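Reader: I keep meeting terms such as salt bridge and antiparallel. Could you show me how such words are earned?

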Amino acid sequence: MSDKAAVELIGTAILLFTIQVSVGQNAALAPLAIGGVLVAIIFSGAPISGAHYNPAFSLAMALRGGISLPEMIRFWIAQFIGAIVGSLCGGIVASSHATLSIGDDATLTQALLAEAVLTFILCFVSLCVATNPKVDNNHYYGLSIGLVVVSGAISVGGISGGAFNPAVALGLSITSGMSKLFYALLVSAANVLGGIVAVVCFRIVLPSEFGAGRAAEGENMPLRGYQ
């Protein structure tokens, strides 16, 4: 396993561990715990892999030209393995396994739209703060991304479950005995759609940068925040 894939596995495992423990214990400040650890692992892993920890964002980066397709596939495998490992460990620590579910007063359409929109926001913000040359050497990219997750969890967590990440949706389902797997698959599809729309919008607002410096096999586009 490459060092980049290893970082993606470890970072995704840390993220899922935090989600599983905080949500499994019904912690009131779970959104802050999740967003906070995401900020930390983004800053720690970005210089190595780009710190995706999310298959939807890895797809967005591939479409944007930031990573090659084979690299994206390796990242996906690492992210899903990390999600399962982190979720299993979190379930043991919390003595319970959280699952993604639709809010009591929400419909499936509302839940999937919420997931698609928030994943779009997450990927669009990530592309803008981390791959835009106009913000070279910024020191806020990790905080910006973490704040999107915090606000998303607070605003629509009660509607969709607040995954915004196929690794989160499927990792929680798999480690809870395939519980609500169909919903997790639908959420994952909505997340992927959100990531694709984010790339389209990124191309609209920064057409000169779309695909610029397309990554070759084994190379990643460096995130602008730590150059």
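Author: Gladly! A salt bridge is a side-chain nitrogen of Lys or Arg within 4 Å of a carboxyl oxygen of Asp or Glu. A search of the whole structure finds two of them. This is a predicted model, where local features need pLDDT of at least 70 and side-chain atom pairs count only at pLDDT 80 or more, while totals for chains, interfaces and linings use all residues. Residues are numbered from 1 along each chain as its sequence is written, and side-chain values use heavy atoms, with hydrogens and water left out.

Reader: What makes Lys4 and Glu71 a salt bridge?

Author: Their closest N and O atoms are 3.8 Å apart, and the limit is 4 Å, so the pair qualifies. Lys4 sits in helix α1 and Glu71 in helix α4 (residues 69-94), so the bridge ties together parts that are 67 residues apart in sequence. Helices here are DSSP runs (H or I, at least four residues), numbered from the N terminus.

Reader: Why are α1 and α2 called roughly antiparallel?

Author: Their axes come within 10 Å and cross at roughly 175 degrees. Axes are lines fitted to C-alpha atoms over the stretch in contact, with angles from 0 to 180 degrees between N-to-C directions. Angles over 145 degrees count as roughly antiparallel, so α1 and α2 earn the name.

Reader: Which residues make that contact?

Author: With contact meaning heavy atoms within 4.5 Å, they include Val7 and Leu15 of α1 and Ile34 and Ile41 of α2. The contact residues divide into eleven nonpolar, five polar and three charged.

Notes:
Helix = DSSP H or I, 4+ residues; strand = E, 2+ residues; numbered from the N terminus. Parallel < 35°, antiparallel > 145°, perpendicular 65-115°, else oblique. Nonpolar A, V, L, I, M, F, W, Y, C, P; charged D, E, K, R; others polar.
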